[in-house]
Amino acid sequence: GLGEEFAVGAQAKLVYEKIDIYSGDVFLFDLFATWQLSKLPGVTLAVSAMNLGGQMTINQEPFDAPQTVTVGAAWAASSGALADRVTIVGDMAFFNDGNNKAHVGGEFKVVRELALRVGYRINYESQGITAGAGFRYGVLGLGYAYEDITDDALDSGHRFSLEFYF
């Protein structure tokens, strides 16, 4: 990190892919940064760039890794009746194939142990609204998420998660 308001991170990775008898690998990097705005309490901005690096070659055919640049913002109430109870988030993801997407969502903590969540996926072919809840007791948590699938060939999704907090 670079102080209390600004943090950066990086990750290096070796990606290996095999299709039938052909394989290839490439060394890629991910970069991340967050900035908590001191003049706007509760607001955090973030940016990430993923899969930066060279091309992978499989069967003598070079191709680019699926690169993504994501910019986002979050607001968490830090004072008043909603302090530590409401969070609103949004991001936009820019892909090197041009199929850009966006996401918005929010969380409301009914009580410290119970959170209700809602979100929406923008520019997806068959996905839209999501909703869920999370229950936390000490270091254990249980989550549920529903995702609406508008494709007639698929049913809507239900996900359950068991979480451990350290």
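The following paragraphs lead through the strands, salt bridges and aromatic contacts of this predicted model.

The sheet is the natural starting point. Ten strands form an open sheet, and their order across it is β1-β2-β3-β6-β7-β8-β9-β10-β11-β12. The pairing is antiparallel, and the twist from one strand to the next averages 15°. Because the sheet is open, two strands, β1 and β12, stand at its edges. Each of these has a single partner strand, so one side of β1 and one side of β12 are left without a neighbour in the sheet.

Within this order, the run from β7 through β8 to β9 can be followed in detail. Strands β7 and β8 run antiparallel and are joined by 8 bridges. Together they form a hairpin with 5 residues between them, and Gly 98 in the turn has a positive phi of about 85°. One of the facing positions places Thr 87 opposite Glu 107 in β8. On to the next pair: β8, which covers residues 101-111, is joined to β9 by 9 bridges, again in antiparallel fashion. This pair is also a hairpin, with 2 residues between the strands. Phe 108 stands opposite Leu 116 in β9, while Val 104 has Tyr 120 of β9 as its bridge partner.

The loop that precedes β7 deserves a brief look. Ala 83 lies in the loop between β6 (68-76) and β7 (86-95). Its relative accessibility is 22%, and Ala 83 therefore counts as partly exposed, since the buried class is reserved for values under 20%. Leaving aside residues up to four places away in sequence, Ala 83 touches Ala 77 and Ser 78. Gly 42 is 41 residues from Ala 83 along the chain, and the C-alpha atoms of the two are separated by 9.5 Å.

Charged side chains add links between strands. The structure holds 4 salt bridges, among them the one between Asp 30 and Lys 13, whose closest N and O atoms are 3.0 Å apart. This pair links distant parts of the chain: Asp 30 belongs to strand β2 (residues 22-36) and Lys 13 to strand β1 (residues 6-19), with 17 residues separating them in sequence. The two partners fall into separate accessibility classes. Asp 30 counts as buried because its relative accessibility is 1%, whereas Lys 13, at 21%, counts as partly exposed.

Towards the other end of the sheet order, Glu 147 takes part in two salt bridges, one with Arg 121 and one with Arg 159. The side chains of Arg 121 and Glu 147 meet at 2.8 Å, N to O. Arg 121 is in strand β9 (residues 114-122) and Glu 147 in strand β11 (residues 140-149), 26 residues apart. The contact between Glu 147 and Arg 159 has an N to O distance of 3.0 Å, and it connects strand β11 to strand β12 (residues 157-164) across 12 residues of sequence. Through these shared partners, Arg 121, Glu 147 and Arg 159 are joined into one network. How is each member of the network classed, as buried, partly exposed or exposed? Glu 147 is buried, with a relative accessible area of 11%. Arg 121 counts as partly exposed at 23%, and Arg 159 counts as exposed at 53%.

Arg 121 has a further partner, for its charged end sits over the ring of Tyr 124, 5.9 Å from the ring centre. A second arrangement of this kind involves Arg 136, whose charged end sits over the ring of Tyr 165 at 3.8 Å from the centre.

Aromatic rings also meet one another. The count comes to 2 aromatic pairs. The rings of Phe 27 and Phe 29 have centres 5.2 Å apart and planes at 85°, so this pair is edge-to-face. Both residues are partly exposed, Phe 27 with a relative accessible area of 45% and Phe 29 at 38%. In the pair of Tyr 144 and Phe 160, the centres are 5.1 Å apart and the planes stand at 45°, so the pair is tilted. Tyr 144 lies in strand β11 and Phe 160 in strand β12, so the pair ties together parts that are 16 residues apart in sequence. Tyr 144 is partly exposed, with a relative accessible area of 30%, and Phe 160 is exposed, with 65%.

Note on methods: Residues numbered from 1 in each chain as written. Predicted model: local features only at pLDDT ≥ 70, side-chain atom pairs only at ≥ 80, totals over all residues. Heavy atoms only, no water. Helix = DSSP H or I, 4+ residues; strand = E, 2+ residues; numbered from the N terminus. Buried < 20%, exposed > 50% of the residue type's maximum accessible area, 1.4 Å probe, protein only. Contact = heavy atoms within 4.5 Å. Pairing = 2+ DSSP bridges. Axes fitted to C-alpha atoms, helices over the stretch in contact; angles between N-to-C directions. Phe/Tyr/Trp six-rings, centres within 6.5 Å; stacked < 30°, edge-to-face > 60°. Lys NZ or Arg CZ within 6 Å of the ring centre and 35° of its normal.
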